Amino acid sequence: MTRLPLLALLALASLVGCNAQQPAPAAAQASSDSLRASSWCGVLSPDAYRVLREQGTEPRFSGEFWLHEEDGVYVCMGCGAHLFDSGAKFKSNSGWPSFYAPTAAEGVGEHLDLSHGMRRMEVVCNACGGHLGHVFEDGPPPTGLRYCINSVALDFVPRDSVQLVAPASRPVD
Ligand code: FE
């Protein structure tokens, strides 16, 4: 068997994933303007990188927030942008946190996703472009929508601390 040189293996590893440790979202936000996709390896946990930057999906019933019921806001784990309010969260029994609407329509983007043999609408953070999950048309009133979001793509800020988190401003890639 031919052995690849160590440098080639390291280069390959950098292309297929990320093993960096996870800093606080505020730290990511402070430098978000200058970050490009490859730089997220130094910002996100490996699981968050796989979801946010590689369109991955966490296993259902595994995430931190699918049963979370505290009052506050959910922000992007990548950039700290305000994305969803706990007031719009509902129990979907899907195994992922579910919301009937984002906090602000302009906070998230939606793109047709034909991967894995399915036709779905992908939901992304409009501030940093990170993949969040998908939106389906089987949600409750008032919108009838179900934003099915990966817990690992989110961080939670209690209501009384919301003012300490400033929204992100513009896309990074
Ligand atoms: Fe973001």
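Q55 lies in the loop between α3 and β1. In this predicted model, its phi is near 60°, a positive value in a residue other than glycine. Most residues other than glycine have a negative phi. Q55 counts as partly exposed because 14 other C-beta atoms lie within 10 Å, and a residue is called exposed at 12 or fewer and buried at 20 or more. F61 is found in the loop between α3 and β1 as well. Its phi is also positive, at about 65°, although F61 is not a glycine. F61 is exposed, because its count of other C-beta atoms within 10 Å is 11.

A further backbone feature occurs in the loop between β7 and β8, where P142 is found. The peptide bond from P141 to P142 is cis, and its omega is near 10°. Most peptide bonds are trans.

The chain as a whole contains three helices and nine strands. Along the sequence, the pattern reads α-α-α-β-β-β-β-β-β-β-β-β. The chain has 173 residues, of which 36% count as buried. Among contacts with a separation of 6 or more, 61% link residues 24 or more positions apart.

Six strands make up an open sheet. Their order is β3-β4-β8-β7-β6-β5, and the pairing is antiparallel. The edges are β3, at residues 89-90, and β5, at residues 108-113; each of these pairs on one side only. Strand β5 runs antiparallel to β6, residues 120-125, and six bridges join the two. One pairing in this set is that of D113, whose bridge partner in β6 is R120.

Another open sheet has three strands, in the order β2-β1-β9, and its pairing is antiparallel. Here the edge strands are β2 (82-85) and β9 (154-158), each pairing on one side only. From one strand to the next, the twist averages 35°. Strand β1, residues 72-76, is joined to β9 by five bridges, and the two run antiparallel. C76 has L154 as its bridge partner in β9. On its pairing with β2, strand β1 is again antiparallel, over three bridges. V73 stands opposite D85 of β2. A hairpin is formed by β1 and β2, with five residues between them. In its turn, G80 has a positive phi of about 85°.

The largest nonpolar core comprises 35 residues. Within this core, the residues with the most contacts are C76, L83, C125, I149 and A153. At least two core residues come from each of α3 (46-52), β1, β2, β6, β7 (131-136) and β8 (146-149).

Two of these core residues can be followed through their contacts. C125 is placed in strand β6. C125 counts as buried because it has 26 C-beta neighbours inside 10 Å, where 20 or more are required. Leaving aside neighbours within four places in sequence, its contacts are C76, G78, C79, A81, L83, V108, G130 and L132. C125 and C76 are 49 residues apart in sequence, yet their C-alpha atoms are 7.0 Å apart in space. I149 touches W96, P97, F99, V123, L132, G133 and L154, again not counting residues up to four places away in sequence. L132 thus appears in the contact lists of both C125 and I149. L154, which I149 touches, is the bridge partner of C76.

Confidence varies along the chain. The average pLDDT is 82, and 72% of the residues score at least 70. Over residues 20-34 the pLDDT stays under 50, and the model has 26 contacts beyond four places in sequence for this stretch. The pLDDT is also below 50 over residues 169-173, a stretch with 14 contacts in the model beyond near neighbours in sequence. Where pLDDT is low, the predicted coordinates should not be read in detail.

Methods
Residues numbered from 1 in each chain as written. Predicted model: local features only at pLDDT ≥ 70, side-chain atom pairs only at ≥ 80, totals over all residues. Pairing = 2+ DSSP bridges. Helix = DSSP H or I, 4+ residues; strand = E, 2+ residues; numbered from the N terminus. Axes fitted to C-alpha atoms, helices over the stretch in contact; angles between N-to-C directions. Core = buried A, V, L, I, M, F, W, Y, C linked by C-beta atoms within 7 Å. Contact = placed C-beta atoms within 7 Å. pLDDT = per-residue confidence, 0-100.
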